[in-house]
Amino acid sequence: MTASHSDSLVVLFGATAGAYGAKLGSDERELILLVWQVVDLHSKKVGTLHKSLVKADNLELSDQCREVSGLTPEGLSKAEPLDRVLQQFSQLVASDLKLLGRSSYTLCTDGQLLIRQVLHPEASKKNFLLSDCFYSFYDLRKEFHTCYPNSAPVKDQTIKSMAEYIGLETDETEEDFGVWQVKTMVAIIFSMLSETCITDCRFTDPETVKYKYETGPCSKSEAVDSETVIRARGLPWQSSDQDIARFFKGLNIAKGGVALCLNAQGRRNGEALVRFVNPEQRDLALERHKHHMGSRYIEVYKATGEEFLKIAGGTSNEVAQFLSKENQVIIRMRGLPFTATLEDVLGFLGPECPVTGGKEGLLFVKYPDGRPTGDAFVLFSCEEYAQNALKKHKEILGKRYIELFRSTAAEVQQVLNRYLSTPLIPTLPTPIIPVIPPPYTIAAGSIRDCVRLRGLPYTAGIDDILEFMGDATADIKPHGVHMVLNQQGRPSGDAFIQMKSSDRAFLVAQKCHKKMMKDRYVEVFQCSGEEMNFVLMGGTLNRSGLSPPPCKLPCLSPPAYAAFQTAAAVIPAEAALYQPQALLSTTRTPQASAAAPPTVTYYPAQAAQLYMNYTAYYPSPPVSPTTVGYITAPPAAVAAAASATHTPMLPQPGALVRMQGLPYNTGMKEILSFFQGYQYAPDDYNGLIQLNDQARSVLQAPKEWVCL
C-alpha cells in the first residue's frame, strides 16, 4: 500500500501547556512537546523516534498538563523555542528519510487539532511561516474509520480506542508521555496495512490547509449551508478580511467567505460573518470563542446561511463583473468630490499604485438616480500596490481629503445594496387609527399617589409587574404603568406606577418593598407625579431630593419621535390618525414665546408613550391594563383630520433633518445649495422636509423656520 503524494509518513504527536485531548488548542495555550517517527510505507520500516521539548513564552502549566505529561516549567525553560524546534524537525526528518532511501513524506496525526488548532494559530501569532509539510496531513482517525467502517465514529475515537478495536496490547504506563502515543499510532498504521483490513485502505486523500484566503463575489441565489457559518463579534474596527482569515488560520474558509458587517451609517460595527468549506471546519472555529486578536478577545457564535447572504450576497451585474477578478486587494475610498471622474481618481492614486485593469478596476457607488455618493472601490493586484495607496489616506483631491481603507467583496456588496435600496422620494406612511380608551393625562402635582419600582429584572415586562403587585393591581390608574428604558433602549430596571390615591400608594410601598420578582428583590418607594416626571425627563430621585435633568432646554425631539405641549400631555384626538413618530409639535410664534415660554414634555398617548431620560427619548412598551390595536384609517378621515388640526405632520420618520456644525453666517441659500439634488418642500414651506405630491395635498406647512 502506498500514498499518492509520498512514500513515507511522519507520525506526529504534540501537547500544549493547557487542555489535552478533545479540547487541545481551545485555550490558546502554547505547544510544549513534539514527538515524531518516520514510517516507510513500502518496506514497513521505521526511523528513529524523536522527542523534543518546546520552550513556551508562558511556562505556567495547567494541572491537567502536569498530571498527564509529567513536565515541569524548570525542564521547559532549558528547551528551544518553537521556530528552532521546527527547524530541527525538518533536518532530522530529512536525515531519517535518507537512511530509509526515501525522499518525500506526509504528516500523520491523531485527529486534526494539533495541525489546525495549535501549530498554525501559534505560528501566525509569532509571525513565522510553517514549511509546506504542515499544509497537508493525514488524519489517522479518519483513515482508521475508512479502513474499519464498523468502528466508533471519528469524533469519538482515541489512540487507545483504536488500539483496543484491533486487539493491540499496549501499556501506557511503560513509556514516557508522547512516546507511547507515537509507538501505538505506528502499530495501528502497520495493522491497517496488513491483510486484516476489511476494506482496501489507502493513504491517498490527505487533509489540506489553505495557504491563504481567497476573495470572490457571492450571489444571493447561491445556496449557503447554515452549518458552515459563524458570527465573529468584537473585531477591531480597522480589521480586514485578511486579518479575520489570519485569526482563523489553520481552518479553511470558503472563497469570498468573510463578510464584514456595517452599521446604519455604513461603517464597520465590529462583527463579521465567516463561511467555512464544511461543518467540521465550522465546529473547529467555534472552539476559538474568546481567542484573542491582538489585545481583544473575539466572540464566536453560530450563524445561518440566510444571515450570510443578507450581508455578502448581491444581484448587481456591475458588481459581479467588478469582483470577477480574483485574488485582488480591495481598497475603499470615501469622501470623493461628487464631480470626481475616473481620470481624477487614477491621477490621485498615481503611478506608484497602478489599478488593476485601469478604469475597469474602479467602481463608483451611486444612488439609484445616478447621483454619486462620494464612495468608490479600487482593485490592486498585490499587497505592495495596496500599501502604497493606503499611504494616501487623508490626502487632498480637489478641495476634500480622501479616506482610504482596506475592504472586502462582501463590503462592496453591502454598500452597493444599501445605496441602491435608498428610495428617491419618501412616501407617506399608511395612516392608522389607534383603538384606545379615552385620553388620560399624567398627573404632575405634589400628591404622593405614585410608586417607583427599582431593581426590576431586565427581562421583566408589564405582566410581571402586575403579578408582582398582586391585589393592588386593581388600584392602578388606567394606563398607569410606565417602564423606563436606558440609552440603548433596553429596560433600565426602573418603573413608575400611578395609583388611584396616595393611601393606596403608601400601602403598596409597605407591602411590596423588597418583595422578590423572579430571582431579584425589588425596592418600592412612594413618590409624587412631579418626582416621576423629573426622573422621566432625565433627573434623578434620591434621598437628598430631586436633581434636575442634565438638559432643561425644550427642544424638538429627534426625527423618529414626537414632542407635545405640557397643556395637552396626550396626542390630540385629531392627530391620532397618524403614528406618534409622524407628528411634530406646533411651532411657537414669537408672541407666545414672549408671553409664556411653554415647556415641552414628552408623554404621548397610551399606545406609545415616549420618555426622555438622560436627555434621550425612549418609547415605552404598550401600557397596562388594556391591549392596544390599530385599524387603517379611510382616506377621507385622513384629509379631514389634516384640515382640522394645526399640528403639522411629517411624511415619515426621519424626514426632519437636523444640521449641526453650520457656520454662523450660513443663510437659507447656502443650506438649500447644500441639499442640491434632493427634493425638498415647496416654496411656501421653508422647512427642510421632503414631500411628495400626495403628501402636499394633505399636509399644512408652517410659515416659519423649524429651529433646533
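Asn278 caps the N-terminal end of helix α9, with a side-chain oxygen sitting 3.2 Å from the backbone nitrogen of Glu280. That's in a predicted model, so read everything below as computed from that model. The chain has 708 residues, 49% of them buried, and its secondary structure comes to 21 helices and 29 strands. Among contacts between residues at least 6 apart in sequence, 72% join residues at least 24 apart.

**Helix α9 and its buried side**

- Helix α9 takes in residues 279-286, and its buried residues are Gln281, Arg282, Leu284 and Ala285.
- These four lie on the same side of α9, because they cover an arc of only 160° around the axis.
- As a reminder, an α-helix has 3.6 residues a turn, so residues three or four places apart point the same way.
- Several elements cover the buried residues of α9, including helix α4 (113-125) and the strands β7 (229-233), β9 (268-276) and β11 (296-302).

**Two buried spots: His120 and Gly313**

- His120 belongs to helix α4, and with a relative accessible area of 1% this histidine counts as buried.
- What does His120 touch, leaving aside residues up to four places away in sequence? The list is Ile115, Leu130, Phe134, Tyr135, Val209, Lys249 and Gly250.
- Gly313 sits in the loop between α10 (305-312) and α11 (317-322), yet Gly313 is buried, at 0% relative accessible area.
- Leaving out residues up to four places away in sequence, Gly313 touches Cys218, Ser219, Lys220, Phe308, Gln413 and Asn417.
- One of those contacts spans a long stretch of chain: Gly313 and Gln413 are 100 residues apart in sequence, but their C-alpha atoms are 6.5 Å apart in space.

**The sheet with β12 to β16**

- Five strands make an open sheet in the order β13-β14-β12-β16-β15, with antiparallel pairing.
- Which strands stand at the edges? They are β13 (362-366) and β15 (395-397); each has a single partner strand, so one side of each is left without a neighbour in the sheet.
- On average, neighbouring strands here are turned by 35° against each other, direction ignored.
- At one edge, β13 pairs with β14 in the antiparallel sense over four bridges, and Leu362 has Val378 in β14 as its bridge partner.
- The hairpin of β13 and β14 has five residues between the strands, and Gly370 in this hairpin takes a positive phi near 95°.
- β14 also pairs with β12, antiparallel, over six bridges, and Ile330 stands opposite Leu379 of β14.
- β14 is mostly covered, with eight of its nine residues buried.
- At the other edge, three bridges hold the antiparallel pairing of β15 with β16 (residues 400-407); here Ile396 has Tyr401 of β16 as its bridge partner.
- Helix α13 (residues 383-390) lies across β12 (329-334), β14 (372-380) and β16, running at about 150° to β16.

**The sheet with β18 to β22**

- Another open sheet of five strands has the order β19-β20-β18-β22-β21, with antiparallel pairing.
- Its edge strands are β19 (476-485) and β21 (515-517); each has a single partner strand, so one side of each has no neighbour in the sheet.
- From one strand to the next, the twist averages 30°.
- β19 and β20 (residues 491-499) run antiparallel and are joined by six bridges, with Phe496 in β20 as the bridge partner of His482.
- Helix α15 (residues 462-469) packs on this sheet, touching β18 (450-454), β19, β20, β21 and β22 (520-527), and its direction makes about 125° with that of β19.
- Helix α16 (residues 502-512) lies across β18, β20, β21 and β22, at about 155° to β22.

**Cysteines**

- How many disulfides are there, taking sulfur pairs within 2.5 Å? The count comes to zero.
- Cys450 is in no disulfide, and the nearest cysteine sulfur, that of Cys527, is 5.2 Å away.
- Buried or exposed, where does Cys450 fall? Cys450 counts as buried, at 0% relative accessibility.
- Cys261 is buried too, with a relative accessible area of 4%.

Technical notes:
Residues are numbered from 1 along each chain as its sequence is written. This is a predicted model: local features need pLDDT of at least 70, side-chain atom pairs count only at pLDDT 80 or more; totals for chains, interfaces and linings use all residues. Side-chain values use heavy atoms; hydrogens and water are left out. A disulfide is a pair of cysteine sulfur atoms within 2.5 Å. Buried means under 20% relative accessible area, exposed over 50%, partly exposed in between (1.4 Å probe, protein chains only). Two strands pair if DSSP finds at least two bridges between them. Axes are lines fitted to C-alpha atoms, for helices over the stretch in contact, and angles run from 0 to 180 degrees between N-to-C directions. Contact means heavy atoms within 4.5 Å. The arc is that of the directions from the helix axis to the C-beta atoms. A polar contact is a pair of N or O atoms within 3.5 Å; within protein, one must be able to donate a hydrogen and the other to accept it, and residues adjacent in sequence count only if both atoms are side-chain atoms.
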